[in-house]
Amino acid sequence: MSKENWVPLLFIFLLLCIPLTESRFYVFLGTDILIFGLFAVSLNLLLGYTGLVSFGHATYFGIGAYTCAILMKKASVPFPLAFAAAGALGGISALIIGFFCVRLTKVYFAMLTLAFSQIVWAMAFKWNSLTGGDNGFVGVPFPQFLDSKVLFYYFTLGVVAGSLFLLRKVVNSPFGRILTTIRENPERTEFIGIHVKLFQLVAFMISGVFAAMAGALFGIFNHSVFPDILFWPASAEVLIMTLLGGIYSFFGPIVGAAVLLFVRMQVTSYTEHWPVILGFTLAFLLFFFPGGIMGFLQARIARPGGNR
Amino acid sequence: MPLRLSLFRGNKAMPDPSFLLLQSLNGLTYAMFLFLIASGLSLIFGILGILNFAHGSLYMLGAYFTQQFVSLFIDAPGQFWWAVLFASLTIAAIGAVIERFFLSHLYAREELYQLLFTYALVLILADFAKIIWGTGQFSVSRPALLKGAVPILDQFFPTYNVVIIFLGPCIAFTFWFTLLRTRWGRKIRAAALDREMLSSLGVHVNRLFTVVFFIGAWMAGLGGALVSPVSAIVPGMDVEVIINAFIVVVIGGLGSFWGTFLGSLIVGQVYALGILVFPRLSLAFIYVLMALVLIIRPWGLLGRPLQR
Amino acid sequence: MILGVEKARKSFDGFVAINGVSFSLQKGEICSIIGPNGAGKTTLFNLITGHLRIDEGKLIFKDQDITNRRPYQICRLGVGRSFQRTNIFPRLTVYQNIQAAVLVHRGRSFTFFQPVDSFFRKETEEILGRVGLKEYGETVSGSLSYGFQKQLELGIALASEPELLLLDEPTAGMSTQETHQTMELIGKITREKGLTLLFTEHDMEVVFSISQRIMVLHQGRLIAEGTPEEVRRNPEVQKVYLGEGR
């Protein structure tokens, strides 16, 4: 048990030290990784733990981003309240959308999540008066008590660490265990007495809340929100991050986010052909490393004198 | 929308009936292109159980290759139609190669891996197109015979489009007839019903799958080839068309042939006329339709109802 | 009466799978349903457990109308089931498989913040022992041999402490020795817990040795019902099942 705890704590310590490098680049990258890490972990609650393939997770990220930004700029709502509202709205929309989606399975489920995400995208794209349309919602104010990028980094670190702590508890709880049985065999789970759709819906809601929180942080961090964070390739991107890190590991998705963001940053400074590299990497991953980075590492560690 | 649909700018009285008719005919033309891609998509889903994200990319490559072959066959008689033939067959071959050497290795895995592989292909193929042909816009001129326009009431409608409108159902009937009557066709229909049974009957399922993918890709390539004179050949046409193709197969019913035809007609008309009726909501409307079908009748208008 | 099936009818796309089946089970009975392949045995089970919607007829369990109730509701009322094709949670360990069922049965499925490993250790170990899987607790269940997976399935069904146990071909694919062991185990558990047992089987030895009552299903209808002796002597059964002139 404690072995599983001190590795993440070590990472948190390392992350705390990043601003000490006095490098703007690393602080920015770090904030990005934390935000997308939380986004990816929230998706993995559905994907890796419950076995639900959502092709529209960007919906809640976007709803969180727009809600927080709009409330802060247009209604001058103080940040803590706007942030909480973003999370709440993410949860509520996940509840509504999820209610319809969990009635379906597999491909149909994925397509409905995609359809809803496109509806929300279309709304953000066209509702110029509220969201600024395709010109984006700009000039989002930075919360006053966090007026430096470093402070914002620490704040993000705190929020993400706290969220991960909570999510970890949920995943290791009886509820979390039932989610994995649903992933393994929904029919059997139904016949040990579980209302499977209800559990899937609750998982959907929880993941929506945390995705929205990540989105809210994103909107503030970038001082702006554009509709393309709702467009379906954004949902595909977070899926890729999650898969890259490893869907059967709790921290896998963050590792995936970190690697993807870092590599993308490096590659795009040399060439504009990032998509083809991403495509080949993804294909390579799918064929040879289905467990992702964490899956690969865990298999490696287990092998020498392993007791599995 | 790829077609040059003229937008009705005034909004006072009822639009002129000949204008409405023209819009509707444009929608019908677009529907035929959608039908070609969507039927390939539906066929692949019905037999292989894979939702091929890369189908839009195959369509796009069909257009690019047509453009390439046209400039290769310059001044040859019937250059356009030869180009269409060569281009669509090239795409079919590419599809067969993808299925045979890559996709087939993922059949044992969960659907997520197959889906994401097709998405990886989208990334790769899109960038390939950019590398080979650059980011500029191409177009192909209509075949000399069909350069004119036909008078409809008091407007003019391009002859080429008329041909497409008739060609669409012809191809549809040929296709459907082949499925019904030929040996390969019967095997394909049987495979749609029970894959496992088929392999135990000694049918070469692997070869069958490659043939199905070849045909599906050929349809997409043909769609792209035929659309090249009426639409700009430009990066991004893959992403735009695949979403519309998804909508078509969802509305019509995944795996249903006539459903795809019906779905294409509906989507075509919604795009053509929707922008006149609700200009602001038109973007979201098609996705709302998709969501409604999935919620109320997930198997689409003509699909097979899912059992409980 | 613990289970009552009244004029049950189910068809698929025009094909009538169950055609007016009626029977009842008394508490503590050991009853089997036999019939040729395609007779509708699994379909009947699926109707009782709610996995399929019944077209016509009624299902009653412990004086409650369970017609068209959802499977999880029926399970909670006290019906346990094993499936024809092994239905376990492959990536979880044997222990976790059983523990999950115990968690649900004890009403702790909605607990969010406590670590799951500490829950119901004793109860889970007891069930593991009962089905003979005590040493395999930490094994990933998907890697077990077929026979052990079937035992695990039984364990999962038992963890919900059912009053009525439906077993769909519990000894399918087993050797003679495994079959004996399994049926002995099932018999022992049934007697100890006072369960009512309804099972389907192809192995006639098993059926005739353990059943108190046998029902014969053919093309969706019950063509015979009675003690093993009565059924064995029934001419219609002989015709349908054992071939004419035997």
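Two strands are said to pair if DSSP finds at least two bridges between them. Helices (H or I, at least four residues) and strands (E, at least two) are DSSP runs, numbered from the N terminus.

The model is predicted: local features need pLDDT of at least 70, side-chain atom pairs count only at pLDDT 80 or more, and totals for chains, interfaces and linings use all residues. Residues are numbered from 1 along each chain as its sequence is written, while chains are lettered from A and ligands numbered from 1 in the order in which they are written.

**Exercise 1. Describe the open sheet of chain C, from its strand order to the helix that packs on it.**

Step 1. The order of the 6 strands is β6-β7-β8-β3-β9-β10 (chain C), and the pairing is mixed.

Step 2. β6 (79-82) and β10 (221-226) of chain C are the edge strands, each pairing on one side only. From one strand to the next, the twist averages 15 degrees; axes are lines fitted to C-alpha atoms, for helices over the stretch in contact, and angles run from 0 to 180 degrees between N-to-C directions.

Step 3. The pair β6(C) and β7(C) is parallel and has 4 bridges. Within this pair, Ser82(C) has Leu167(C) of β7(C) as its bridge partner.

Step 4. Helix α5 (residues 146-159) of chain C packs on the sheet and touches β6 and β7 of chain C. The direction of α5 makes about 170 degrees with that of β6(C). Here and below, two residues are in contact if their C-beta atoms, placed from the backbone, lie within 7 Å.

**Exercise 2. Characterise the overall build of chain C.**

Step 1. Chain C contains 9 helices and 10 strands.

Step 2. Along the principal axes, the C-alpha atoms of chain C fill a box of roughly 60 × 40 × 35 Å.

Step 3. A compact globule of 246 residues would have a radius of gyration near 18 Å, and chain C agrees because its own value is 18 Å. The radius is taken over C-alpha atoms, and the globule rule is 2.2 Å times the number of residues to the power 0.38.

Step 4. Of the 246 residues in chain C, 44% count as buried. A residue is buried if 20 or more other C-beta atoms lie within 10 Å of its own, exposed if 12 or fewer, and partly exposed in between, with C-beta atoms placed from the backbone.

Step 5. Among contacts in chain C with a separation of 6 or more, 65% join residues 24 or more positions apart.

**Exercise 3. Analyse the contact between the two domains of chain C.**

Step 1. Domain 1 covers 1-76 + 165-175 + 197-246, and domain 2 covers 79-161; the bounds come from an automatic or database domain assignment.

Step 2. The C-alpha centres of these domains of chain C are 27 Å apart. Domain 1 of chain C gives 14 residues to the contact and domain 2 of chain C gives 11 residues.

Step 3. On the side of domain 1 of chain C that touches domain 2 of chain C, α2 (71-77) and β7 (164-168) of chain C give two or more residues. The largest share of that side, 4 residues, comes from β7(C).

Step 4. The same side of domain 1 of chain C holds 9 nonpolar, 3 polar and 2 charged residues. Ala, Val, Leu, Ile, Met, Phe, Trp, Tyr, Cys and Pro count as nonpolar, Asp, Glu, Lys and Arg as charged, and the others, Gly among them, as polar.

**Exercise 4. Examine the two contacts that chain A makes, with chain B and with chain C.**

Step 1. Chain B and chain A each bring 30 residues to their contact. On the side of chain B, α4 (111-133), α9 (237-252) and α11 (282-296) each supply at least two residues. The largest share of this side, 14 residues, is from α4(B).

Step 2. The side of chain B that touches chain A consists of 25 nonpolar, 1 polar and 4 charged residues.

Step 3. In the other contact, 21 residues of chain A meet 29 residues of chain C. On the side of chain A, α7 (149-171), α8 (174-184) and α9 (186-190) give two or more residues, and α8(A) has the largest share, 8 residues.

Step 4. The side of chain A that touches chain C comprises 7 nonpolar, 8 polar and 6 charged residues.
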